[in-house]
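Hi,

Here is the structure I promised to pass on. My notes follow below it.

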Amino acid sequence: MDFEAFFKSELNGLHNEGRYRVFADLERHRGNFPRATRHTPDGPREVTVWCSNDYLGMGQHPAVVEAMKEAIDHCGAGAGGTRNISGTTHYHVLLEQELADLHGKEAGLIFNSGYMSNWATLGTLGQKIPGLIIFSDALNHASMIEGIRHGKCERVIWKHNDLNDLEAKLAAADPNAPKLIAFESVYSMDGDISPINEICDLADKYGAMTYLDEVHAVGMYGPRGGGIAEREGLMDRITIIEGTLGKAFGVMGGYIAASSALCDFIRSFASGFIFTTALPPTLAAGAIASIRHLKSSPFERARHQDRVRKLRAMLDKQGIPHMHNPSHIVPVMVGDAAKCKWISDILLDTCDIYVQPINYPTVPRKTERLRITPTPLHSDGDIEHLVGSLHQLWSRCALARHVA
């Protein structure tokens, strides 16, 4: 087999469909977010970032930066190994205590990414609980899907946020089989929010555990940033809350919060935890500072919601179609992969606006979009420039507009 020819042929297919992804070479500058320097063959240019998952700009917050600098001066660079052998530091212990407190749970367990925390936890539960059936929302993240597959247990897919379908599938299952319902709070592409309370009611009715991925909600919602479950007073009803340190908290890593026994069980049996070098203490220190700040400061969340409302209102005024949802994610709908990439390229090259196109397989074909994520640090002028640029490009592309 001509392997090189195969690789090039597959890549050409992505180019032809308008789905080939090009990395923007960006350099963020402390204290100047959402600005960044874009490095190009023609030299550097300043751009405004509109698609970062650093939703609150905490990756730039002085308290976070200073905590990380202090930790590296105190501990050095790396963790030294896996948590089981030589890599557990006091920062890891403090971080897990903060996370348990944030979610009202007995314990927390940190991983190197949100992907790993989903994959390792769901996979281990699937492997180790005899006869477990996992009921997975149809739009769950790839890391959850891969974790469930890795678990090699019985899995049942229920229609996205469809309580009737979930109950029908729960009712049809073996009543004596252990069950787990896995779902997200905020779904990152459409920005919709799951009916957590009603799902918990079904879990109680059919004796199921609940696994809630809050990666796009932690830091963002609730009086202390505990997510949608905290905002709605439901954390005590969730068996396992999974989250990330790499989005609203602005650093890196993933975690679960649950009972002491459950966290200890995953710690003791999950290969994705056991055989992985631990997070550097610098990252753990930064995450601690970020979580502590957002537990006590409502300013970032309030300002963020104000920015989201303003952007949506201006898009509506210009008739730019965006998916209405109750979250902070603003999907501007294009519906064509090539046009979506073209708009993204023009925004970057001529308007100095960075927002990546979201194409298949991340979203279904014909629902291609620009996934815009405002932050508290975007100004009125930034919003006006973005919407004005989209207004012009919508006309050039002859795309349909929304009529209010």
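A definition before the rest: a residue is called buried under 20% relative accessible area, exposed over 50%, and partly exposed in between, using a 1.4 Å probe and protein chains only. Helices (H or I, at least four residues) and strands (E, at least two) are DSSP runs, numbered from the N terminus. This is a predicted model, in which local features need pLDDT of at least 70 and side-chain atom pairs count only at pLDDT 80 or more, while totals for chains, interfaces and linings use all residues. Residues are numbered from 1 along each chain as its sequence is written, and side-chain values use heavy atoms, with hydrogens and water left out.

Helix α8 (residues 196-206) comes first in my notes. Its buried residues are Ile196, Ile199, Cys200, Leu202 and Ala203. Seen down the axis of α8, these fall within an arc of 160° (taken from the directions from the helix axis to the C-beta atoms), so they line one face of the helix. Asp204 and Lys205, on the other side of α8, are exposed. The buried residues pack against β6 (154-158), α7 (163-172), β7 (179-184), β8 (208-213) and α9 (228-231), where contact means heavy atoms within 4.5 Å. Gly207, just after α8, has a positive phi of about 65°.

Then there is Tyr221, in the loop between β8 and α9. Tyr221 is buried, at 6% relative accessible area. Its side chain makes a polar contact with the side chain of His328 at 2.7 Å; such a contact is a pair of N or O atoms within 3.5 Å, and within protein one must be able to donate a hydrogen and the other to accept it, with residues adjacent in sequence counting only if both atoms are side-chain atoms.

Best wishes
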